[in-house]
Amino acid sequence: MFSAQGRMPTQGARDRADVRLRRGARPAPTHPQPSDSLNHPHRIAVVGGGPGGLYTAALLKRLAPDREITVHERNAPDDTFGFGVVLSDETLGGIEHADADVYAALKAHFVRWDDIDIVHRGHRHTSGGHRFAALGRRRLLEILHERCRALGVGLRFGAEAPDPAELARTHDLVVAADGVHSATREAFRDVFRPHVTGHRCRYIWLAADFALDAFRFEIAETGHGVMQLHGYPYAADASTVIVEMREEVWRAAGFDELGEEESTARCAKIFADALGGRPLRSNNSAWTTFRTVVNERWSHGNTVLLGDAAHTAHFSIGSGTKLAVEDALALAACLEERPSLAEALAAYEEERRPVVASTQRAAKASMEWFEDLARYVDQPPRQFAFNLLTRSRRVTHDNLRLRDAGFTGSVEREFGCAAGTPPMFTPFRLRDLTLRNRVVVSPMDMYSAVDGVPGDFHLVHLGARALGGAGLVMTEMVCVSAEGRITPGCAGLYTNRQGEAWRRITDFVHASAPGTAIGVQLGHSGRKGSTRLMWEGMDKPLPDGNWPLVAPSPLPYRPDGQTPRELSRAQLTDIREQFTSAAVRAARAGFDLLELHCAHGYLLSGFLSPLTNRRTDAYGGSPEKRLRFPLEVFDAVRAVWPGERPMTVRVSATDWAEGGTAPEEAVAIARAFAAHGVDAVDVSTGQVVADERPEFGRSYQTPYADRIRHEAGVPVIAVGAISSWDDVNSLILAGRADLCALARPHLYDPHWTLHAAAEQGYEGPGARWPAPYRAGSRPPRTGRTDAPRPRLTLHGGSQEA
């Protein structure tokens, strides 16, 4: 099939998502010089004969035919675990660009399909336009074996590779592609510093001897718990079938006591409808748990990790082989482009690490969705299907609508969207307040008040964002006392003068931006007070003019910070009264909604977290005792806040620190506030302790809101790196949030919501442009758009008719 002289890769651009080789092969030197091995490795060992290792060997040999490359694979050539492999168009494009012969061989065996079927409670919903390509894993390996042999790569099967240190001494480059259990990685674990995390589901790889007509997800609700099937065709007569369930379900169902044959038969019986009553088969299949691999370093001297040895991504997004192949493309390109091996390996890691990290975040979101599948089974059928499809946050409302407008439209209709209305522009009711859309301008501290009095800056800042179309605009944290300020520039509601200044702002919003609600967030800084303005050094103590701090326990926020006094019972009463006085002023000032700030390490948050509350009295210790004072404040404020106006509470659902508030405790906190009459929970995370380690990423806090919404049964506001209207539509339509709060996007663009409506072609009641701004409801033209289009392409040479 292959000759040793394939077509060389042409030059082309590379980016993080589609890594391609730039250069053709160099002529083989007649007498390789010693320096060549330092700059362009000549003698190469590849440990691991999976797709990533084989493809790396083929690419490196093809780029420099004089290289001596050997692949060491412990198993026999025809041994393989698993059945089918799914590759994206993006990955295939990189393969086609780098090696057209391999691409042609793969293409001849692809099974292609467009549909995803979700089957749940007797409903089958199909979403099209997804464009999958798959082939058998064994056939993929055969193609790569043949290619390697044609190029002159040495393939050694059925024996362990030599010791990693010995390989490193006797070769110019060692590529460790030896999988999740990498012996090479373990040999140098002090350098690579791997972190391997186990997860909560058991799964088994099986196969069926017929081709499913779509990528199929099927849910089985059994007496033991929820189980799921992931299946897809990989040949004209075969499909991969993965059965997965939580560990406790697996044990309750007795799978822990069944052998391979019995497990296979049992799975076929449970999912008989999906299989049409046909059997499943195994291939040394065993129940296992997925393990996420992350390494702090990917190279050590002349040894480099690739594929699952370097990183893993959960199978539910089908990225294992994709990542390994893309690693191979990037490594080969970097070795060609960089003047030394050290620079090449550093460039390879620099290029691939952010791509892998992004994929691992998506894979984690997908994996956790399936781990928590029981949380969603009661959703309406179409919303459940949409939720499943968008679980990784990479597939969104907008690109699903492009792929299959009919399916997405049916989900929107079931949700209650009027014709032509994106989910974000549907109304939402809290008590007597109806928000015209689901967008919230998140509270953002401006540090621009004088003696706690909001001035012209606050009028313009909040007024501009109210004119910008959001359903709800929130103030910054408004402090209930001078001692409760974070900085000297924080706004307050502890004097009548401050209340009058706020009235000026709410009057403007109600008069000039009708339909926009404005809410106030009340809080007390606790141990995080008496600090500099953010741009002068966030959380750093004031150089002078400090005021005394109070907190649940005498623990400073930073080592160089002020140590607060532990609050006495009498002081707790005084602070509760400060909150109620501020709430009365807020009601008189005309605010439509009040939020109690119980997050981010401020005073009330300090009571909730076990890291900041070390009290031994009735206000510390158990979660119930730590909740006591925040609930007392909530009840007192609710008692003076007008009954028709809603109250929300902001919480930190995790402290991002060992021993801090855990997600299950956040659910209990939300339930407690719901029992006391909260109308919605604003779910944030962190900022409770200075040594936190948050896992930043797109919409990274929304899973906590999702969990609280479903488990506590209370409406939620999601926050945290929600940056696009597509994100908002996706979260709302999937049922993961009721409202979405955005901060930085509204600093970048005060009219973010109106622009989101214009970009989606929406002109309904959920986003009304103020009359003076209507001329700006369409983007201005930026240049000529009427240039003539090319009509003919003339080819040189003779043309046959």
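Contact here means that heavy atoms sit within 4.5 Å of each other. With that in hand, take Ala513: leaving out residues up to four places away in sequence, it touches Ala466, Leu467 and Phe508. Keep in mind that you're looking at a predicted model. Below is a quick tour of some strands, a helix, a few single residues and the cavities.

**Ala513 and Thr359, two buried residues**

- You'll find Ala513 in the loop between helix 18 (496-512) and strand 21.
- Ala513 counts as buried because its relative accessibility is 5%, and the cut-off for buried is under 20%.
- Ala513 and Leu87 are 426 residues apart in sequence, and their C-alpha atoms are 50 Å apart in space.
- Thr359 belongs to helix 13, which covers residues 341-371.
- With a relative accessible area of 2%, Thr359 is buried too.
- What does Thr359 touch, not counting residues up to four places away in sequence? The list is Ala313, Ile317, Ser319, Leu323 and Arg394.

**Strand 24 and its partners**

- Strand 24 runs over residues 593-598, and 6 of its 6 residues are buried.
- In a regular strand, side chains alternate between the two faces of the sheet.
- For strand 24, one side carries Leu593, Glu595 and His597, while the other carries Leu594, Leu596 and Cys598; both faces are covered.
- Strand 21 (residues 517-523) runs parallel to strand 24, and 4 bridges join the two.
- Which residue of strand 24 is the bridge partner of Leu522? That's Leu596.
- Strand 24 also pairs in the parallel sense with strand 25 (residues 647-652), this time over 5 bridges.
- Within that pairing, Glu595 has Thr648 of strand 25 as its bridge partner.

**Strand 5 and its partners**

- Strand 5 takes up residues 116-120, and 5 of its 5 residues are buried.
- Ile116, Ile118 and His120 point one way from strand 5, with Asp117 and Val119 pointing the other way.
- Is the pairing of strand 5 with strand 6 (residues 123-127) parallel or antiparallel? The two run antiparallel and are joined by 5 bridges.
- Across that pairing, Ile116 stands opposite Ser127 of strand 6.
- Strands 5 and 6 make a hairpin with 2 residues between them, and Arg121 in the turn has a positive phi of about 50 degrees.
- Strand 5 is also joined to strand 11 (residues 215-222), by 4 bridges, and these two run parallel.
- Here Asp117 is bridged to Arg216 in strand 11.

**Helix 3**

- Helix 3 (residues 89-98) is mostly covered, with 7 of its 10 residues buried.
- Those buried residues are Thr91, Leu92, Gly93, Gly94, Ile95, His97 and Ala98.
- What do the buried residues of helix 3 pack against? Their neighbours are helix 2 (51-63), strand 3 (84-87), helix 4 (100-107), strand 4 (111-113), strand 7 (132-136) and helix 12 (320-337).

**Two loop residues with positive phi**

- Most residues other than glycine have a negative phi, and most peptide bonds are trans.
- Arg131 isn't a glycine, yet its phi is positive, at about 55 degrees.
- Arg131 sits in the loop between strand 6 and strand 7, and its 55% relative accessibility is why it counts as exposed, given that exposed means over 50%.
- Asp451 isn't a glycine either, and its phi is also positive, at about 55 degrees.
- Look for Asp451 in the loop between strand 19 (439-441) and helix 17 (456-467).
- Asp451 counts as exposed, with 56% relative accessibility.

**Cavities**

- How many cavities of 30 Å³ or more does the structure hold? It holds 6.
- The largest cavity has a volume of about 100 Å³.
- A set of 13 residues lines the largest cavity, and Arg527, Thr531, Asp539, Gly561 and Gln562 are the ones nearest its centre.
- By type, this lining has 3 nonpolar, 5 polar and 5 charged residues.

**The annotated domain**

- In an unreviewed entry, UniProt places the feature "domain: NADH:flavin oxidoreductase/NADH oxidase N-terminal" at residues 424-757.
- Residues 424-757 are 37% helix and 16% strand, and the end C-alpha atoms of this span lie 9 Å apart.

Definitions and conventions: Residues are numbered from 1 along each chain as its sequence is written. This is a predicted model: local features need pLDDT of at least 70, side-chain atom pairs count only at pLDDT 80 or more; totals for chains, interfaces and linings use all residues. Side-chain values use heavy atoms; hydrogens and water are left out. Buried means under 20% relative accessible area, exposed over 50%, partly exposed in between (1.4 Å probe, protein chains only). Two strands pair if DSSP finds at least two bridges between them. UniProt positions are given in the numbering used here, feature names are shortened, and annotations may be inferred rather than shown by experiment. On a 1 Å grid over the protein atoms alone, a cavity is a set of points where a 1.4 Å probe fits but cannot get out, and a pocket is an open set with protein on both sides within 12 Å along at least five of seven lines; lining residues have an atom within 4 Å of a point. Grid points are joined across faces, edges and corners, and a volume is the space filled by probe spheres set on the points. Ala, Val, Leu, Ile, Met, Phe, Trp, Tyr, Cys and Pro count as nonpolar, Asp, Glu, Lys and Arg as charged, and the others, Gly among them, as polar.
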